[in-house]
Amino acid sequence: MSENTTTHDKLPIRMLHDRVLVKSDTPEGERRSGGGILIPATAAVGKRLAWAEVVAVGQNVRTVEPGDRVLYDPEERAEVEVRGATYLLMRERDLHAVAAERLGSEDSTGLYL
């Protein structure tokens, strides 16, 4: 069985349709506030969006490219493990915003990360 698993681990992966594979910027659990206060994972907070880096996109994705940072809702996600790393899989329409150097100032809100 381990021989079969090893073979599958080496196969190339292509995202399909409008799917986007991202790597979350912040791990689940504890986080720090802007002032440096440690907030435990059990603390109740309102609905909070999160940032992630795009790793791969399907052929029908039009607005994001690998390397872009995207804003998404952590409650609307599917986790997948690829070669020992955990990624999030979502549809392009589930993304709320994109941040990238390639975006011109004409579509910008004037906010910078």
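Biologist: Which residue in strand 7 stands opposite Leu21?
Modeller: Happy to start there. Strands here are DSSP runs of E with at least two residues, while helices are runs of H or I with at least four, both numbered from the N terminus. Two strands pair if DSSP finds at least two bridges between them, and strand 1 and strand 7, running antiparallel, are joined by four. In strand 7, the residue opposite Leu21 is Leu89.

Biologist: Before we go on, from which number are residues counted along each chain?
Modeller: This is a predicted model, where local features need pLDDT of at least 70 and side-chain atom pairs count only at pLDDT 80 or more, while totals for chains, interfaces and linings use all residues. Side-chain values use heavy atoms, leaving out hydrogens and water, and along each chain, as its sequence is written, the numbering starts from 1.

Biologist: What is the order of the strands in the open sheet?
Modeller: Strands of a sheet pair through backbone hydrogen bonds, either parallel or antiparallel. This open sheet has six strands with antiparallel pairing, and the order is 6-7-1-4-5-8.

Biologist: Why is one side of strand 6 and of strand 8 left without a neighbour in the sheet?
Modeller: Follow the order 6-7-1-4-5-8 from end to end. Strand 6 and strand 8 stand at the edges, so one side of each has no neighbour in the sheet, because each has a single partner strand.

Biologist: And what does the twist average from one strand to the next?
Modeller: The axes are lines fitted to C-alpha atoms (for helices, over the stretch in contact), and angles between the N-to-C directions run from 0 to 180 degrees. From strand to strand, the average twist is 45°.

Biologist: Which residue takes a positive phi in the hairpin of strand 6 and strand 7?
Modeller: Strand 6 and strand 7 run antiparallel and are joined by five bridges. Val80 stands opposite Tyr87, and Glu81 has Thr86 as its bridge partner. Two residues lie between the strands of this hairpin, and the one with a positive phi near 50° is Arg83.

Biologist: Is Arg83 buried or exposed?
Modeller: Arg83 sits in the loop between strand 6 (78-82) and strand 7 (85-91), and it is not a glycine despite that positive phi. Buried means under 20% relative accessible area, exposed over 50%, and partly exposed in between (1.4 Å probe, protein chains only). With a relative accessible area of 54%, Arg83 is exposed.

Biologist: His17 also has a positive phi; what is its relative accessible area?
Modeller: His17 is not a glycine either, and its phi is about 50°. His17 belongs to the loop between helix 1 (2-9) and strand 1 (19-24). It counts as partly exposed because its relative accessible area is 45%.

Biologist: From which residue's side chain does a polar atom lie 3.0 Å from the backbone nitrogen of Glu75?
Modeller: A polar contact is a pair of N or O atoms within 3.5 Å; within protein, one must be able to donate a hydrogen and the other to accept it, and residues adjacent in sequence count only if both atoms are side-chain atoms. The residue you want is in the loop between strand 5 (69-72) and strand 6, and it is buried, at 2% relative accessibility. Contact means heavy atoms within 4.5 Å, and beyond four places in sequence it touches Lys47, Leu49 and His96. The side chain at 3.0 Å from the backbone nitrogen of Glu75 is that of Asp73.

Biologist: Which strand gives the largest share of the largest nonpolar core?
Modeller: A nonpolar core is a set of buried Ala, Val, Leu, Ile, Met, Phe, Trp, Tyr and Cys residues joined through side-chain atoms within 4.5 Å. The largest one has twelve residues, including Val22, Ala52, Val70, Tyr72 and Met90. Strand 1, strand 4 (50-57), strand 5 and strand 7 each give two or more. The largest share, three residues, comes from strand 4.

Biologist: How many residues are in the other core, the one with Leu21 and Tyr87 among its members?
Modeller: That core lies apart from the largest one, and Val82 and Ala85 are also among its residues. Its size, in residues, is five.
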